[in-house]
Amino acid sequence: MAGPALLVAALRDPGCTSHWSLREWDLAIRQARASRLLGRLCVLIEGGADIAAVPAAPLAHLRGASIVAEEQRFAVQQEVERIQAALQGLGLPVILLKGAAYACADLPPARGRLFSDIDILVDRAALPDVEAALMLAGWASAHHDAYDQRYYRTWMHEIPPLQHLARGTVVDVHHAITPSTCRWMADSERMRAEALSLPGRPAVRVLAPADMILHSATHLFLEGESDGILRDLVDLDVLLRHFGQEAGFWTRLPERAEQVGLGRALYYALRHASRLLGTPVPAEAAAQTRRWAGGALRERLMDALYSRALQPRHPTAEDATTPLARWLLYVRGHWMRMPAHLLAVHLARKALKRVQPQEEAGTEAERDSPR
Amino acid sequence: MTLGRLSPRDFAQRLAAEGLPVRIEPFTVRVRSDIPALASGLRLHYAAYDLAEDGFADFHVQIARRRALRRWIRPQADFVFDGARPFKPLPLAQAYPMFEWGFNWCIANHCHQYVMIHAAVMERDDRALVMAAPPGSGKSTLCAGLVCSGWRLLSDELALIDPDRLALIPVPRPISLKNASIEVIRRYAPDGVIGPAAHDTHKGTVAHLRAPEASVLRAGEPARPGWVVFPRWEAGAPARLAPRTKARAVLGLMENSFNYSNLARRAFDTLTRLVDRSDCFDFSYGVLEDAAACFGKLEPPAW
């Protein structure tokens, strides 16, 4: 690695950008773009440094990304209105997760963030009604493959993504926090029960602060695809800094992790957010979560893997072992989610599919010919 | 220093090694390649452009030969954007057009500080003529024709609108000519410099007309809105400008926008203001000479 990544230095301390040369900006913009963090970097510099000191050429990229992020933040809220409208007849609580929750609860990670799918969590018993109501409002299953359908419906904690036929927006409907065969079993009922309603939006809720952190951590350290895990860690960093100021939060957080069975996820979140991004974690909370580290050898191994995989996904922030670390974490993600015999069958099917590419509408659009 | 000042040897060496940072206003693109066809294409079209030596590039692109067997059998090239390969490879002979198409992709996918329209933009008397149309409407032919008749070239593909200044930002580059229009322009403007043709591309035969040097030198000067025109080529049709309502003009620009969905409200606001300040027309033509004469008589809007 060519020293610590510039992007990470800026995420830790936006003020350091004021000394950057154009050559350093060149590198930082590329790392931020590859990590989907350009807009976030813009917001951080606006809040903690002097945006006027950024030279015009890199500033254009920061501003462009932040404009798009701001429009997306608005668009996500509009889309949530439509989901609410589609589901209001069912009279059941719909819990927004991740990006949609940050946007609708007006939490700081929503600023400068790129949004992709809208994730919602509902009671498992209500799944058929929810799916039917969304289909009536124009969302249709994007996965036509019978194996994918069965894989999702049997093993996953969500149904296959639903895409709106006209607008192209995607909704992921979850019925639990972790997959049913997962080695980490979150008490989803308990987390749903304490969800909070949002002012002005009677039909939707968001997870309570500690649960929001635990869900975000679980997502990152269980199934986070390595493309986006630095972005996910930045979400956690911003959430922890925000909620960390509330009285009692740091006592509540490890207690809640214990209650809902997500201690390991919390341990990883606090450890890597503080190590990489300098997230302020009180010593007591860090010590409390240490019991979930799972032994010195495991701790050292996971530190080694994540300290590589969490770097910006750009050639200038990788060393010779980074691809191996990413691959091991990918395999671990599957291992954590499925028992060994299922995993073997699943990976074999995926490998076979790669050998026999199938025509799937839309997925190859980007690989098309250039204009 | 301009690219034209480099010796052919230095040019090829730097292009293949660390890449050449070419200042194509308002961007710097660092392009790297060891493919001779790309080097000669760049030398032909970009001799008058500056080398950017400040260390910053907006885009890092590489036109890379495919290795292994592909090196020898029907050789191919990849467009590499900062390590990623967004497109399928193309035959090596299409390396130069691939650079131009890839550069369009870079701008259209990243520069959301602008509202971007798939349109040709020309300027006369500080007024911009925005010609928006889907491919195959004769937009590039018309653009090449007007540029060879005294209009300043801002772009043949990409209208970059700065929402804050409500100005059209020039990004003057070679004009892409397709199929029959290559001959049409050769006859219309015998002094124009047209590069070698690439055959059997996904657009048919493609050749690029070099951007006039005067337009390249004025690349730093934006233009005010003037006219928004939706052209359509039709064999044997007389050259005719028919007024178009402002509402339909906004819709037409939206349909041809690259980033309307990314910018939503900001794009709507910008396009309505642009159309407010422009005279709007549908334009049909069959013969380039008549079209150029028709645009030559166009009066600027009163405001």
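This report walks through the salt bridges, one sheet and the aromatic contacts of a predicted model.

## Salt bridges between separate elements

Let us start with the charged side chains. Side chains of opposite charge can pair when their charged atoms come close. Over all chains, the structure holds 47 salt bridges. One of them joins A:Arg63 to A:Glu46, with 4.0 Å from N to O. Because A:Arg63 sits in helix H4 (residues 56-87) of chain A and A:Glu46 in helix H3 (residues 38-48) of chain A, this pair ties together parts that are 17 residues apart in sequence. A:Arg63 is partly exposed, at 35% relative accessibility, and A:Glu46 is partly exposed too, with a relative accessible area of 39%.

Chain B offers another example: B:Arg65 and B:Asp34 form a salt bridge whose closest N and O atoms are 3.5 Å apart. Here B:Arg65 belongs to strand S4 (residues 59-65) of chain B, while B:Asp34 is in the loop between strand S2 (27-33) and helix H2 (36-46) of chain B, so the bridge ties together parts that are 31 residues apart in sequence. B:Arg65 has a relative accessible area of 25% and is therefore partly exposed. B:Asp34, at 41% relative accessibility, also counts as partly exposed.

## A bridge within one helix, and a network

For a pair inside a single helix, look at B:Arg273 and B:Asp269, whose side chains meet in a salt bridge at 3.3 Å, N to O. Both residues are in helix H9 (residues 265-276) of chain B, and because they are 4 residues apart, about one helical turn separates them. B:Arg273 is partly exposed with a relative accessible area of 30%, and B:Asp269 is partly exposed with 38%.

In chain A, salt bridges also link up into a network made of A:Lys98, A:Arg113, A:Arg231, A:Asp232 and A:Asp235. A:Arg113 has a second kind of contact, as it lies over the face of A:Phe115, at 5.4 Å from the ring centre.

## The seven-stranded sheet of chain A

Now to the sheet. Strands of a sheet pair through backbone hydrogen bonds, either parallel or antiparallel. Chain A has an open sheet of 7 strands with mixed pairing, in the order S3-S4-S5-S2-S1-S7-S6. At its edges are strand S3 (139-141) and strand S6 (196-198) of chain A, each pairing on one side only. From one strand to the next, the twist averages 40 degrees. At the S3 edge, S3(A) pairs with strand S4 (residues 162-164) of chain A in the antiparallel sense over 3 bridges, and A:Ser141 has A:Leu162 in S4(A) as its bridge partner.

How does S1(A) pair with S7(A) and with S2(A), parallel or antiparallel? S1(A) and S7(A) run parallel and are joined by 3 bridges, with A:Leu96 partnered by A:Val206 in S7(A). S1(A) and S2(A), on the other hand, are antiparallel over 3 bridges, and A:Ile95 has A:Leu121 in S2(A) as its bridge partner. The side chains of S1(A) alternate: A:Val94 and A:Leu96 point one way, A:Ile95 and A:Leu97 the other way, and all are buried.

The helix that carries A:Arg63 returns here. H4(A) lies across strand S1 (94-97), strand S2 (118-121), S3, strand S5 (170-174) and strand S7 (201-206) of chain A, and runs at about 110 degrees to S7(A).

## Aromatic contacts

Aromatic rings give us a final theme, with 24 aromatic pairs over all chains. The rings of B:Tyr46 and B:Tyr49 count as edge-to-face because their planes are at 65 degrees, with the centres 4.6 Å apart. Both B:Tyr46 and B:Tyr49 are buried. B:Phe81 and B:Trp105 form another edge-to-face pair, at 5.3 Å centre to centre and 75 degrees between the planes. Since B:Phe81 lies in strand S5 (residues 76-81) of chain B and B:Trp105 in helix H3 (residues 95-110) of chain B, the pair ties together parts that are 24 residues apart in sequence. B:Phe81 is buried, with a relative accessible area of 7%, and B:Trp105 is buried as well, with 16%.

These residues belong to one aromatic cluster in chain B, whose members include B:Tyr46, B:Tyr49, B:Phe81 and B:Trp105, along with B:Phe27, B:Phe59 and B:Tyr114. Back in chain A, A:Arg291 lies over the face of A:Trp292, at 4.1 Å from the ring centre.

Key
Residues are numbered from 1 along each chain as its sequence is written. Chains are lettered from A and ligands numbered from 1 in the order in which they are written. This is a predicted model: local features need pLDDT of at least 70, side-chain atom pairs count only at pLDDT 80 or more; totals for chains, interfaces and linings use all residues. Side-chain values use heavy atoms; hydrogens and water are left out. Helices (H or I, at least four residues) and strands (E, at least two) are DSSP runs, numbered from the N terminus. Buried means under 20% relative accessible area, exposed over 50%, partly exposed in between (1.4 Å probe, protein chains only). Two strands pair if DSSP finds at least two bridges between them. Axes are lines fitted to C-alpha atoms, for helices over the stretch in contact, and angles run from 0 to 180 degrees between N-to-C directions. Contact means heavy atoms within 4.5 Å. Rings of Phe, Tyr and Trp (its six-membered ring) pair if their centres lie within 6.5 Å; planes under 30 degrees apart count as stacked, over 60 as edge-to-face and the rest as tilted. A charge sits over a ring if NZ of Lys or CZ of Arg is within 6 Å of the ring centre and within 35 degrees of the ring normal.
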